[in-house]
Amino acid sequence: ELRGAGNLLGGEQSGHIAGVGFDLYLRMIGEAVATFKGEDVTGSTELVLELPVDARIPEEYVESERLRLEAYQKFSAASHPQAPEDHVALVLEELADRYGAPPPEALRLAAVSRLRRRAARLGLSKVVAGGPALRIEPVELPGSRQMRMKRMYPGARYTEATKTLQVPLPGGTASARSPLAGVGQPRVGDEDDVVAWTGRVLASLLEPEPGPGAVVPE
């Protein structure tokens, strides 16, 4: 959009540059220039959040690709660690006002956005459900939290050298044999509960203890 006239301003060239956002564009350009100058580019580590859930904005709910991208941008902004806590709810309200009641996939996207914000505020770089376990890193887990981990999530492992926490996914063989099986753990295949369960893992093992009368977020 800054390259001159003619076809350079047409759809053949512009693509999704406008949709990506001018602030992200400037940040990318700034990082590229700093790298070219040989300067150290520092910034927050990108959080990798991967859960076996269908979290998206369906095409049948928002038909316009541009408007879907706009909604994704708003959810992304709401998941930023410095964003207000109610920002995701406001995005959902806007979607409901414009397009009607959000479908389950969009509600799940909102839940994942809330979870991403919480994980980012904890300084995590990875929250990934792979194979039989949920892998979280980097994690500083003191002795008292390790005891709680063993009590609440039998089969969970904490590796201090790599600062990695691995918690068996709900419904796995280890948790099924546990006397605590089913306690605060979702059923296999329940996508909404998987997101909520992951949030409870963060709350019980990583987040600071809530004060008197505080409400632990889902």
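User: What percentage of the 218 residues in the protein is made up of buried residues?

Analyst: This is a predicted model, in which local features need pLDDT of at least 70 and side-chain atom pairs count only at pLDDT 80 or more, while totals for chains, interfaces and linings use all residues. Residues are numbered from 1 along each chain as its sequence is written, and side-chain values use heavy atoms, with hydrogens and water left out. Buried means under 20% relative accessible area, exposed over 50%, and partly exposed in between, with a 1.4 Å probe and protein chains only. On that scale, the buried share of the 218 residues is 34%.

User: Is Thr 198 buried or exposed?

Analyst: Thr 198 lies in helix H9, residues 191-205, where helices (H or I, at least four residues) and strands (E, at least two) are DSSP runs numbered from the N terminus. Leaving aside residues up to four places away in sequence, Thr 198 touches Leu 51, Leu 115, Val 127 and Leu 134, a contact being heavy atoms within 4.5 Å. Because its relative accessibility is 1%, Thr 198 counts as buried.

User: How is helix H4 oriented relative to H5, roughly parallel or roughly antiparallel?

Analyst: The axes of H4 (residues 65-78) and H5 (residues 87-99) come within 8 Å and cross at roughly 160°, the axes being lines fitted to C-alpha atoms, for helices over the stretch in contact, with angles from 0 to 180 degrees between N-to-C directions. Angles under 35 degrees count as roughly parallel, over 145 as roughly antiparallel, 65 to 115 as roughly perpendicular and the rest as oblique. H4 is therefore, with respect to H5, roughly antiparallel.

User: How many nonpolar residues does the contact of H4 with H5 have?

Analyst: Residues of H4 including Leu 67, Ala 71 and Phe 75 meet residues of H5 including Val 88, Leu 92 and Tyr 99. Ala, Val, Leu, Ile, Met, Phe, Trp, Tyr, Cys and Pro count as nonpolar, Asp, Glu, Lys and Arg as charged, and the others, Gly among them, as polar. Besides 1 polar and 4 charged residues, the number of nonpolar residues in this contact is 10.

User: Which residue does a cis peptide bond join to Glu 137?

Analyst: Most peptide bonds are trans. Here, however, a cis bond with omega of about -10° follows Glu 137, and the partner is placed in the loop between strand E3 (133-137) and helix H7 (143-152). The residue joined to Glu 137 is Pro 138.
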